Amino acid sequence: MASSLFFRRFCCLHSATSPSSSSSSVFSKKKPLVFLGSPQVSTTVLDALFNASFAADAAFEVAAIVTQPPSRRDRGRKMMPSPVAQYALDKGFSSDLILTPEKAGEDKFLSTLKALQPELCITAAYGNILPTKFLNIPALGTVNIHPSLLPLYRGAAPVQRALQDGVKETGVSLAFTVRALDAGPVIAFEKFEVDEQIKAPDLLALLFLEGSKLLIRELPSILDGSAEKKAQPQDESKATKAPKIAPDEAWLSFDQEAYVLHNKVRAFAGWPGTRAKVVVADEKSGCHNILEFKIITTRVGIQETQADEICFVKDALLFPCGGRTALEVLEVQLPGKKVVSAGAFWNGMQGKRLKKFDETKHFSHVSV
């Protein structure tokens with residue numbers, strides 16, 4: 001099995017992905033590297049690896065890609081490959097060399113990985129836990145691009161939790177993978193200031209872009225073994241966690257201060273989003289109903305407010321919040337509708353008054 005996979009790897013890889021393949025390249029001494037990643041942001045890293053591996057003096061080649069199995073996505077709910085798999089296929093990478101195990105500890109998968117004889121594995125938002133059996137296979141280890149300044153924000157949602165905390169500075173780390181979560185020695189890192197309006201998807205994309213540059217810069221030292229010697233152990237006393245986000249965290253409570261809610265809107269943008277409930281009072285009928293919708297874009301208001309009533313000022317819905325603060329809501333999305341500006345939403349509420357929702361009272365839900 002090992003010999004046949006070795007032959008297929010070189011024949012498929014060089015004919016499909018190399019811009020200038022030749023018969024001599026089959027016997028090149030480039031070190032085989034395996035990339036692991038799944039979401040769209042991971043394609044930035046894979047693209048950087050492809051480009052670097054095509055250089056005449058490249059010391060490595062992408063021997064295989066490991067990614068999440070196909071899943072049902074979009075409105076058609078069709079089975080679709082992960083964004084990384086689709087990107088690789090679009091680049092002409094052999095489908096035989098795209099591995100999609102349900103779990104990274106499967107015997108069949110580990111056997112296939114061993115047959116590839118990888119010198120190094122690179123992970124970027126792969127999405128599966130790597131067992132010791134996996135970590136023992138690559139000769140030079142496994143290196144992860146993690147979008148935080150380790151040991152801060154270890155876990156599944158580092159960017160989201162950092163924004164939720166309102167950090168002014170964050171970064172991306174390049175670290176060896178060990179069995180403990182995001183706890184391996186750090187090879188290098190880059191710091192960045194955090195804009196107070198940036199949302200999680202944009203910050204995540206930025207950090208993986210910069211992480212890919214950091215990886216390419218450090219690859220020579222990783223491949224010659226010197227990175228292992230210079231890598232610094234993490235300070236466990238400073239470690240913090242970034243647990244996975246639960247869907248029920250999406251609800252906003254306007255009893256909290258505006259800056260807390262603004263940070264949450266930025267952090268949960270994309271998924272799961274942030275949701276709010278307001279009381280809609282019809283001035284003609286006197287009926288009161290509850291309206292639920294997503295809050296898409298906000299900023300912290302500069303004026304204090306104590307009232308429960310929601311008003312429209314300039315370009316924003318003004319929500320009274322805890323501590324006599326105000327949250328300015330710039331964009332919203334009603335169920336099943338497109339994102340609209342606060343002005344467009346307000347125009348649709350003519351003849352109605354909006355108030356903060358009080359959980360201690362009960363109203364029927366409004367259909368919009």
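In the predicted model, the protein chain contains ten helices and 17 strands. Of the 368 residues in this chain, 47% are buried, and the chain exposes about 18700 Å², of which carbon and sulfur atoms supply 53%. When contacts between residues at least 6 apart in sequence are considered, 68% of them join residues that are at least 24 apart.

Among the helices, α9, which spans residues 258-267, is mostly covered, with eight of its ten residues buried. These buried residues are Ala-258 and Leu-261, followed by His-262, Asn-263, Lys-264, Val-265, Arg-266 and Ala-267. The buried residues of α9 pack against two helices, α6 (158-164) and α7 (200-223), and against the strands β10 (274-282), β11 (288-300), β13 (316-321) and β14 (325-333).

Strand β13, one of the elements against which the buried residues of α9 pack, is itself largely enclosed by the rest of the structure, because six of its six residues are buried. The side chains of this strand are divided between two directions, with Ala-316, Leu-318 and Pro-320 pointing one way and Leu-317, Phe-319 and Cys-321 pointing the other way, and all of these residues are buried.

Strand β13 has pairing partners that include β12, which covers residues 309-313 and pairs with β13 in the antiparallel sense over three bridges. Within this pairing, Val-313 has Ala-316 of β13 as its bridge partner. The hairpin formed by β12 and β13 has two residues between the strands, and in this hairpin Lys-314 takes a positive phi near 60 degrees. Strand β13 also pairs with β14, again in the antiparallel sense, and here the pairing runs over five bridges. In this second pairing, the bridge partner of Leu-317 is Val-329 in β14. A hairpin is likewise formed by β13 and β14, with three residues between them, and Gly-323 in its turn has a positive phi of about 65 degrees.

With regard to cysteines, a search of the whole structure finds zero disulfides. The surroundings of individual cysteines can nevertheless be described. Cys-121 counts as buried because its relative accessibility is 0%, where the cut-off for a buried residue is under 20%. Cys-287, by contrast, has a relative accessible area of 41% and is therefore partly exposed, whereas Cys-321 is among the buried residues of β13.

Key. Residues are numbered from 1 along each chain as its sequence is written. This is a predicted model: local features need pLDDT of at least 70, side-chain atom pairs count only at pLDDT 80 or more; totals for chains, interfaces and linings use all residues. Side-chain values use heavy atoms; hydrogens and water are left out. Buried means under 20% relative accessible area, exposed over 50%, partly exposed in between (1.4 Å probe, protein chains only). Helices (H or I, at least four residues) and strands (E, at least two) are DSSP runs, numbered from the N terminus. Contact means heavy atoms within 4.5 Å. Accessible areas come from the Shrake-Rupley method with a 1.4 Å probe; for residues, only the protein chains shown count as cover. A disulfide is a pair of cysteine sulfur atoms within 2.5 Å. Two strands pair if DSSP finds at least two bridges between them.
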